[in-house]
Amino acid sequence: MVHLGPKRPQHRKGTFTDVPEEWMEELHKVEDLLTVSADKLKGITKHFVSELEKGLSVAGGNIPMIPAWVMETPTGKETGDYLAIDLGGTNLRVVLVKLGGDCTFDTTQSKFALPGYMRTGTSDQLFDFIAECLKKFVDEFFPEGCSEPLPLGFTFSYPASQSKINSGVLQRWTKGFDIDNVEGHDVVPMLQASIEKFKVPINVVALINDTTGTLVASMYTEPEAKMGLIFGTGCNGAYYDVVKDIPKLQGKMPSDIPADSLMAINCEYGAFDNEHLVLPRTKYDLQIDEESPRPGQQAFEKMISGYYLGEVLRLILLDLTEDKGLFFKDQDLTKLKQPFIMDTSFPARIEEDPFENLSEVQELFESVLGLQITLPERKVVRRLAELIGERSARLSVCGIAAICQKRGYTTGFAAADGSVYNKYPSFKERAAKGLRDILDWTEKDDPIKIIPAEDGSGVGAAIIAALTEKRISKGLSVGMSDA
Ligand code: BGC
């Protein structure tokens with residue numbers, strides 16, 4: 001049988017006539033490495049479905065599939081004032097959400113820049129910083145004080161095992177975070193202790209993954225939302241499953257939760273294929289993994305999420321420059337050799353350059369890397385950025401297709417958020433095309449559409465806090481029988 005290899009996509013724009021033949025050969029090699037065919041996507045999705053199942057089994061698997069203890073879907077009638085915080089990679093966001101009870105809400109928010117050292121600082125520094133920001137926010141918006149502690153939904157976007165809704169034991173840091181003495185510990189008491197230290201009238205009611213928040217917030221306004229997804233610094237998805245189909249919960253469920261109840265599942269599928277069975281990893285992906293603070297973890301995330309896309313480009317450029325001696329002859333490569341110097345906005349801006357002579361690419365290389373880049377080099381670089389963005393979008397949708405296949409969804413919406421989804425050029429179109437390739441749709445209108453989500457880490461966290469308070473007031477369980 002003749003193996004034809006992946007079909008090369010058409011170049012978007014510009015001609016390569018001034019690009020030396022030797023460079024084109026190298027470019028074609030990279031195209032072959034980064035192009036993922038429809039058949040490959042289908043194979044990955046098939047394995048993905050079995051891994052989702054495995055994660056729910058008693059023995060478990062690579063994908064954590066964490067029951068989130070959100071057992072209702074929102075009705076839109078939830079009311080009340082809730083605080084929410086979202087600890088992102090670069091900012092801490094504090095949001096006051098007023099749920100209107102008629103599918104509407106109002107938000108007031110402040111953003112606090114996370115100091116650079118925080119990612120690798122100490123746990124006290126982190127939780128004290130959050131508590132201090134909360135104090136500033138409460139002092140500003142509740143100057144008269146509060147008669148009762150304010151309920152808070154804590155959006156913690158890292159894999160945390162939950163035996164109940166207001167607890168979360170961090171399994172491992174992701175997205176380059178590396179703070180000692182948090183892995184293996186419940187982050188809710190750590191946050192609550194700092195909140196008490198700073199005497200802020202706040203009670204942490206629920207710990208929420210950003211994907212679960214996205215799912216619930218989107219369902220608040222769009223009942224046909226089937227899953228919440230983040231394509232940002234990290235990647236992940238959440239959906240509702242039926243309690244009786246979650247074998248690892250059997251024997252641990254309190255008697256007031258019927259077997260046919262729904263349970264939100266935070267998949268943590270950034271860990272998909274940590275065993276390296278199906279993903280088409282390149283030598284660049286291997287290097288990123290080996291040099292990361294948690295080698296062997298988050299195999300899927302490291303190929304597709306925003307934290308890594310600029311780094312993939314940097315490693316390819318270094319390869320073409322240092323190993324192959326093709327680019328940036330006789331220039332100072334000090335900056336190019338600096339890991340993570342190019343964040344995801346770097347390849348995104350390369351793709352966005354509207355000028356035929358790619359003059360913005362030149363400005364970018366000069367300002368960030370101190371490099372002069374010729375027109376033929378810019379053309380190759382632009383093509384590389386397209387390939388990296390396209391691979392990310394196509395692989396990303398395997399998670400969506402897998403959840404659809406697992407739950408038998410044939411119509412509905414996949415609600416997505418995150419910097420890559422919102423800002424990376426052509427991501428939306430490429431993702432939609434990838435989903436069509438996997439699910440073989442012939443309909444004119446895609447039966448499952450990826451739509452922009454409602455703000456999950458603010459509104460979603462508030463709704464979950466409201467649902468939780470309601471359950472507690474009714475005397476219903478919000479965790480495992482022995483939690
Ligand atoms: C984390 C998830 C999170 C995702 C998107 C991943 O690195 O493990 O918990 O949902 O990033 O923020």
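**Figure 1. The second largest cavity and its lining.** The second largest cavity has a volume of about 40 Å³ in this model, which is predicted. Trp23, Glu26, Leu27, Val30, Leu320, Leu326, Phe327, Val380 and Leu384 form the lining of this second largest cavity. Helices α1 (21-34) and α11 (375-407) each supply at least two of these lining residues, and α1 makes the largest contribution, with 4 residues. Sorted by class, the lining of the second largest cavity comprises 8 nonpolar residues, no polar residues and 1 charged residue.

**Figure 2. The largest cavity and its lining.** The structure holds 2 cavities of 30 Å³ or more, and the largest of them has a volume of about 50 Å³. Trp69, Val70, Met71 and Glu72 belong to the lining of the largest cavity, together with Ile165, Ile464, Leu467, Thr468, Arg471 and Val478. Counted by class, the lining of the largest cavity holds 7 nonpolar, 1 polar and 2 charged residues.

**Figure 3. The two domains and the contact between them.** The protein is divided into domain 1, made of residues 1-68 + 218-452, and domain 2, made of residues 76-208 + 456-482. The C-alpha centres of domain 1 and domain 2 are 29 Å apart, and the contact involves 23 residues from domain 1 and 31 residues from domain 2.

**Figure 4. The largest pocket, between domain 1 and domain 2.** The largest pocket has a volume of about 1,300 Å³ and is lined by 48 residues, among which Gly89, Thr90, Gly232, Thr233 and Ser419 lie nearest its centre. Two or more lining residues come from each of the strands β2 (79-87), β3 (91-100) and β10 (235-242), and likewise from each of the helices α5 (210-221), α8, α9, α12 (419-423) and α14 (456-473). Because domain 1 and domain 2 both give residues to the lining of the largest pocket, this pocket lies between them. By class, the lining of the largest pocket has 12 nonpolar, 22 polar and 14 charged residues.

**Figure 5. The largest nonpolar core and the surroundings of Ile400.** The largest nonpolar core has 123 residues, and Phe365 and Ile400 are the members that touch the most other members. Helix α11 gives the most to this core, with 15 residues. Domain 1 and domain 2 both contribute residues to this core, so it lies between them. When residues up to four places away in sequence are not counted, Ile400 touches Met227, Leu229, Phe231, Ala414, Leu435 and Ile450. A second, separate core has 37 residues, including Leu126, Ala131, Phe154 and Ile195.

**Figure 6. The buried face of helix α9.** In helix α9, which spans residues 345-352, the buried residues are Phe346, Pro347, Ala348, Ile350 and Glu351. These buried residues of α9 pack against four helices, namely α8 (306-323), α10 (359-369), α11 (375-407) and α13 (427-439). Helix α9 is also one of the elements that give two or more residues to the lining of the largest pocket.

**Figure 7. Glu51 in helix α2.** Glu51 lies in helix α2, which covers residues 38-56, and with a relative accessibility of 3% Glu51 falls under the 20% limit and therefore counts as buried. Leaving aside neighbours within four places in sequence, Glu51 is in contact with Asn62, Ile63, Phe272 and Glu275. The C-alpha atoms of Glu51 and Gly61 are separated by 6.8 Å, although these two residues are 10 residues apart along the chain.

**Figure 8. Cys103 and Glu268, two loop residues with positive phi.** Most residues other than glycine have a negative phi. Phi of Cys103 is nevertheless near 65°, a positive value, and Cys103 is found in the loop between β3 and β4 (105-113). Phi of Glu268 is near 55°, likewise a positive value in a residue other than glycine, and Glu268 is found in the loop between β11 (262-266) and α6 (283-290). Cys103 is partly exposed, with a relative accessible area of 35%, whereas Glu268, at 5% relative accessibility, counts as buried.

Key:
Residues are numbered from 1 along each chain as its sequence is written. This is a predicted model: local features need pLDDT of at least 70, side-chain atom pairs count only at pLDDT 80 or more; totals for chains, interfaces and linings use all residues. Side-chain values use heavy atoms; hydrogens and water are left out. Buried means under 20% relative accessible area, exposed over 50%, partly exposed in between (1.4 Å probe, protein chains only). Contact means heavy atoms within 4.5 Å. On a 1 Å grid over the protein atoms alone, a cavity is a set of points where a 1.4 Å probe fits but cannot get out, and a pocket is an open set with protein on both sides within 12 Å along at least five of seven lines; lining residues have an atom within 4 Å of a point. Grid points are joined across faces, edges and corners, and a volume is the space filled by probe spheres set on the points. Ala, Val, Leu, Ile, Met, Phe, Trp, Tyr, Cys and Pro count as nonpolar, Asp, Glu, Lys and Arg as charged, and the others, Gly among them, as polar. Domain bounds come from an automatic or database domain assignment. A nonpolar core is a set of buried Ala, Val, Leu, Ile, Met, Phe, Trp, Tyr and Cys residues joined through side-chain atoms within 4.5 Å.
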